Amino acid sequence: MSNANAYAAFERSIAINAARPALEVDPVQSCTYSELDRETARCAATLHNFGLRPGDRVAVQVEKSPQSLFLYLACLRAGLVYLPLNTAYQLAELTYFLSDAEPALVVCSPSAEAGVRELVRTSRLRAQVATLDESGGGSLSEAVREASGEFTTVTMSPDQLAVIIYTSGTTGRSKGAMLTHRNLLSNATVLVDTWGFTSQDVLLHALPVFHVHGLFVANHCALLSGAKLLWKAKFDAKATVSDLQRATVMMGVPTYYTRLLAEPGLTREACASMRLFISGSAPLPLDIFCDFQARTGHTILERYGMSEAGMITSNPLNGERRGGTVGFPLRAVSVRVADQQDHPLPAGETGGIQIQGDNVFAGYWRNRSKTREEFTADGWFRTGDVGIFDGDGYLSIVGRVKDLIITGGYNVYPKEVELVIDAMPGVLESAVVGVPHPDFGEAVTAVVVLDRDCEPLSESAVIGHVKRHLANYKAPKRVHFLSDLPRNAMGKVQKSLLRQRLAAQPEHRSSNY
């Protein structure tokens, strides 16, 4: 039986490109594909030495580093289930993820170790804890240095679990989307072909590696094609302008392109070696699309994907990249727009986006009822997005079924923020919505109703309270105070009306209106 482990496919590319550069952190720190393979072998051997066996979960909340990439690849190689966690999550947020996934190993930063160990103890988890910092130090790295550089990639079937990515709706608890080796590899293979990746490419990688865009899309395209990853710990617009002269492809969220346009150094000359700019994780504003094209001579390629399916559609590499759209369904991915009864709609009509294909996830971790709920009777996955096909087959995303906010490429679920605000003394209720923002795409914005018999709260107090309980990107950028929230005849808060009102408010307007 052939090995369907996603890493086995990477190994075939590694064998061809063994001496070629795989990863460049800076001009003096790099590794070849052969060295990358050896480091993942040592890391996989270390995980095996820890007593981990195929199917065990490994939860990882660390800063981006070459070692974080080696750890991910080692988990694939060893048949373990990788569980990436946003580095901004606070301990209170980690409690649910770890209790639900029940990992055998938690890898965190040294500064978080004490808190994570206490969380593991109080949650009665049978998990080991290891550390890894952004410079490659920590207890995991110490163990890896002592391990063998030989490891035989574990044989996996296509439908065995490779990754759990936690996602959620606007209500209820987060759900772990289960991605198989088939899901990962089928999507990566199509993308390499769709976007024309070869071993001559240099991919500028400034994305975080705790979600689909940076962890799968960027890394897998490079590994399968033998391209070099120009590895950046974080995005810096000024530095990126300089780095573009050494790259051929860049992947980013819309915020990256907004900030690049603010740099005087972004010129046609600075982009002379580039062949492709790709944008995703949030809608790309049409004015940014047009301004970037006029400034650089490059037309950004926008695509559409999600945690449960990787990439779904893409504007063409060769052909018209149409601003305001996410292009055509990828090869081997079926996309339809359907009405509320799951009946397909013709081009020109708006409805829910539904998908099928080998890229579509295996279901939600330990949540069969939610899995059944999100699939149609004929086997299509309901994405929760609302879209429309034009007469030429281009798909546009026109909204979301739920009130998800996408800010700077990150998902924020209003209910989670509302629960934190509502717990504050003096707050009667709150509503959180996304308001258009020139840099982040959408800004998390809170509307709060206060108890008149209590001490008044300030905007800064509400924002500070949220930041103490949730990741910073989930905190409101503005807080407005109202005497009551607009409701319809059924008593439901009219968030669409709130969004309209708030969008009309200038940035300098008082937070009371």
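What follows is a friendly exchange about how some features of this predicted model get their names.

Me: What makes E2 and E15 the edges of the sheet with 9 strands?

Reply: The order of that open sheet is E2-E1-E10-E9-E11-E12-E13-E14-E15, and its pairing is mixed. Strand E2 (29-32) and strand E15 (328-329) each have a single partner strand, so one side of each is left without a neighbour in the sheet.

Me: How do you know that E1 and E2 are paired?

Reply: Two strands count as a pair if there are at least two bridges between them. Strand E1 (residues 21-26) is joined to E2 by 4 bridges, so the two meet that rule. They run antiparallel, and Pro21 stands opposite Thr32 in E2.

Me: Which residues does Ser30 touch, beyond its neighbours within four places in sequence?

Reply: Ser30 has its place in strand E2. With those neighbours left aside, Ser30 is in contact with Leu23, Glu24 and Glu35. As for Lys228, that residue is 198 residues apart from Ser30 along the chain, and 9.9 Å separates their C-alpha atoms.

Me: Why are helices H3 and H8 called roughly perpendicular?

Reply: Two packed helices are described by the angle between their axes and the distance between the axes. Helix H3 (residues 66-77) and helix H8 (residues 212-225) pack at about 80°, and their axes are 13 Å apart. Angles of 65 to 115 degrees count as roughly perpendicular, and H3 and H8 are therefore given that name.

Me: Which residues make the contact of H3 with H8?

Reply: H3 brings Leu69, Tyr72 and Leu73, while H8 brings Leu215, Phe216, Asn219, His220 and Leu223. By class, the residues of this contact divide into 6 nonpolar, 2 polar and no charged. Tyr counts as nonpolar, so Tyr72 of H3 belongs to the nonpolar group.

Me: What makes E22 and E24 the edges of the sheet with 3 strands?

Reply: This open sheet has the order E22-E23-E24, with mixed pairing. Strand E22 (427-437) and strand E24 (478-482) each have a single partner strand, so one side of each lacks a neighbour in the sheet. From one strand to the next, the twist averages 25°.

Me: How do you know that E22 and E23 are paired?

Reply: The rule asks for at least two bridges. E22 and strand E23 (residues 441-450) have 10 bridges, so they count as a pair, in the antiparallel sense. Within this pair, Val432 stands opposite Ala446 in E23.

Me: Which helices lie across E22 and E23?

Reply: Helix H13 (residues 414-422) lies across E22 and E23, running at about 140° to E22. Helix H15 (residues 495-503) lies across E22, E23 and E24, and runs at about 60° to E22. Under 35 degrees counts as roughly parallel, over 145 as roughly antiparallel and 65 to 115 as roughly perpendicular, with the rest oblique. Neither about 140° nor about 60° falls in a named range, so both helices come out as oblique to E22.

Me: Why is one space called a cavity and another a pocket?

Reply: In a cavity a 1.4 Å probe fits but cannot get out, whereas a pocket is an open set. The structure holds 3 cavities of 30 Å³ or more. About 110 Å³ of space lies in the largest cavity. Its lining has 13 residues, and the closest to its centre are Asn183, Leu184, Asn187, Phe216 and Gly310. Helix H7 (181-194) and H8 each supply at least two residues of that lining, and the largest share, 5 residues, comes from H7.

Me: What lines the second largest cavity?

Reply: The lining includes Val60, Gln61, Tyr82 and Phe210. Strand E3 (57-61) and strand E4 (81-84) are the elements that give two or more residues to this lining. The volume of the second largest cavity is about 50 Å³, and its lining divides into 7 nonpolar, 3 polar and no charged residues.

Me: Which residues lie nearest the centre of the second largest pocket?

Reply: Pro208, Phe210, Lys234, Tyr256 and Tyr410 do, out of 27 lining residues. The second largest pocket holds about 680 Å³ of space. Helix H10 (residues 254-261) gives the largest share of its lining, 3 residues. By class there are 13 nonpolar, 8 polar and 6 charged residues. Lys counts as charged, so Lys234 is one of the charged residues there.

Notes. Residues numbered from 1 in each chain as written. Predicted model: local features only at pLDDT ≥ 70, side-chain atom pairs only at ≥ 80, totals over all residues. Heavy atoms only, no water. 1 Å grid on protein atoms, 1.4 Å probe; cavity = no way out; pocket = protein on both sides within 12 Å on 5 of 7 lines; lining within 4 Å. Points joined across faces, edges and corners; volume = space filled by probe spheres on them. Axes fitted to C-alpha atoms, helices over the stretch in contact; angles between N-to-C directions. Contact = heavy atoms within 4.5 Å.
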